[in-house]
Amino acid sequence: MKYSYWKSNLVILASLLVIWFVVSFGFGILWSEKLDNFSIGGFKLGFWFSQQGSIYFFVLIIFIYVYLLNKLDKKYFDNSDQSNIEEE
Amino acid sequence: MSLQALTYLFVGISFAIYIGIAIWSRARSTNDFYIAGKGVSPVANGMATAADWMSAASFISMAGLIAFLGKDGSVYLMGWTGGYVLLALLLAPYLRKFGKYTVPDFIGTRYYSKAARLVAIICLIFISFTYVAGQMRGVGIVFSRFLEVDINTGVIIGMLIVFFYAVLGGMKGITYTQVAQYCVLIFAYLVPAIFISLMITNNPIPQLGFGDKIAGSSLYLLDKLDELSIELGFNAYTEYTKSNIDVFFITAALMFGTAGLPHVIVRFFTVPKVSDARKSAGYALVFIALLYTTAPAVAAFAKINFIDSVQKVEYESAPDWFINWENIGLIAWKDKNNDGIINYSSGNALEGVKPKYTNQFGEFGERIVENAPDQSNNNEVYIDNDIMVLANPEIAKLPNWVIALVAAGALAAALSTAAGLLLVISASISHDLMKKILLPNITEKQELFYARCAAAVAIFIAGLFGIYPPGFVAQVVAFAFGLAASTIFPALFLGIFYKRLNKEGAIAGMLTGLIATSSYISYFKFVNPAINNSDYWIFGISPEGFGFLGMILNFVVALIVSTFYSKPPKEIYQMIDEIRKP
């Protein structure tokens, strides 16, 4: 039981870190120049990812992680002393 | 009211608030002193983390640096925010579950070794002092410009304030003061940014404004900036000039370094539960992102504004702020062609870059500098990047209260970071060095006393750094992040995610990271700075980005060495199972 909690956690971590890598190192650096061929408003897209977009995605990634892990905690440790003392 | 009176008022009120909070939240136990009794709510901890994290450099220098570097400046934006993803996902919840006081505490316990603890203490102290030196300089600069007192007096006032709430309140006092400081600093950063965004683009949101059209024209701001930059001989503002690999490595070193900075990590020890640690990292990044997404906008506005207001202007009719900052020594003008007109373009204005002022004035009233002009280009203006944020409200002709607010904000940023750093230094000395290694028999009361003494000594040393700033401060910032990435981050990460790693592997890894990174950086920054360029760098990686390579070396060495020695004891396996549960 507790090992499958850890495994699910690792899967979530790995998927979110892929997104983390793609929006910053990918869109912001490695493929940034190619994305610059597209624009949103006055921003070239690659430039936008490197100075704005990546940061918005970082925030999003952490909150998705919080949401998924809270769900996972509930599934595996619902009655333990750690749950829901002052949740939301 | 005059600018100076307003500044005294704003700074005075904010300082009074900080002291009031310190008295209200005094620490009564080591638990209070080190980790605020684990009673800080995730939102408050998020704000405190943000204030702790955003230093004088983030507040004062970053926008100026980006204005100067253009897209190359993105490494700081991505690097100093992306690290929070690593922190939230890979470290914070597990370290909170571990539940002890300091980073060396975790490393010492997980690797069942005093030697590992000692290596961690050395890295921590080095990283933190490097950082603190910059904060105290920031305090000095702000005091000297806005309160017109001597830099040294400014540093001493700053020391006294920090002394008061760090020594008295410990982590508890620092946490709640940092919450107040965050509010002051973010307000002070956003207000001028919104004003300037409205002025230049008619858009009240700076994050959108700098992708908008310039007011009253059909030209996009960033296109105009690209055009102006090229016209003046710079590279296009929205394109990288550094190689992809270097940008990649610098960003990575800053991200992993951020996740490995002890003063940030300990903030997550202060919340009540594991799930709070995750949430709190999210809030911290929201509060940080508010400033970090505004900074590139401020950078773009400042650059346009600066070029507009000085380029091809006669010195005698130059704006007041230009003269003010010249008097403080952050601007210099060398009239290379003796026409009395300011010409700003790419290249260094002066031989030796930094101006050496004399007491004389030239025919147009400018301060004469000893430096010979750099004749390889036509640029006549030396400008210190720091003034972009500090002078921005003046350049944009904003009301005096906004300028006073910026001064209070810059002080809040510098003081909050300094306090956080001083606390981890004192905790690692009183708790890790004294209690866990040298004097295991001291009582809690004695330990608390030692913690306060250590904080006082650390503040004193930090103050000395502020009064006699070592010339290498700017260079050693690469050091702090490089070492955090190549020593502390891997030890923590592997400690949580790889049970089989034993003490031999961990110590070998940390020492490899420490030695490789510090020799590479020292070689190019101090031993042989003349060849500090991409022709000589390993794989084209600059010293700023080497921490990431150091981290990879650390991983490889730790994993290989580990296989030659016996597994960690059973208790360690149990401990890791325990911290992996929420």
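## Two contact surfaces of chain B

In chain B, the centres of domain 1 and domain 2 lie 31 Å apart, taken over C-alpha atoms. The model is predicted.

First, the domains themselves. Domain 1 of chain B is assigned in three pieces: 3–30, 41–303 and 408–469. Domain 2 of chain B covers 306–395.

The two domains touch. Domain 1 of chain B brings 21 residues to this contact, and domain 2 of chain B brings 15 residues. On the domain 1 side, the elements that give two or more residues are α4 (56–69), α7 (114–146), α8 (151–201) and α13 (274–310) of chain B. Among these, α4(B) gives the most, with eight residues.

Chain B also touches chain A. Here 39 residues come from chain B and 34 residues come from chain A. Which elements of chain B supply at least two residues each to this side? They are α5 (74–98), α10 (221–231), α11 (244–259) and α13 of chain B. The most comes from α13(B), with twelve residues.

So α13 of chain B is listed on the side of domain 1 that touches domain 2, and α13 of chain B is also listed on the side that touches chain A.

What classes of residue make up each side? The table gives the counts.

| Side | Nonpolar | Polar | Charged |
|---|---|---|---|
| Domain 1 of chain B, touching domain 2 of chain B | 15 nonpolar residues | four polar residues | two charged residues |
| Chain B, touching chain A | 19 nonpolar residues | eleven polar residues | nine charged residues |

Methods
Residues are numbered from 1 along each chain as its sequence is written. Chains are lettered from A and ligands numbered from 1 in the order in which they are written. This is a predicted model: local features need pLDDT of at least 70, side-chain atom pairs count only at pLDDT 80 or more; totals for chains, interfaces and linings use all residues. Domain bounds come from an automatic or database domain assignment. Two residues are in contact if their C-beta atoms, placed from the backbone, lie within 7 Å. Helices (H or I, at least four residues) and strands (E, at least two) are DSSP runs, numbered from the N terminus. Ala, Val, Leu, Ile, Met, Phe, Trp, Tyr, Cys and Pro count as nonpolar, Asp, Glu, Lys and Arg as charged, and the others, Gly among them, as polar.
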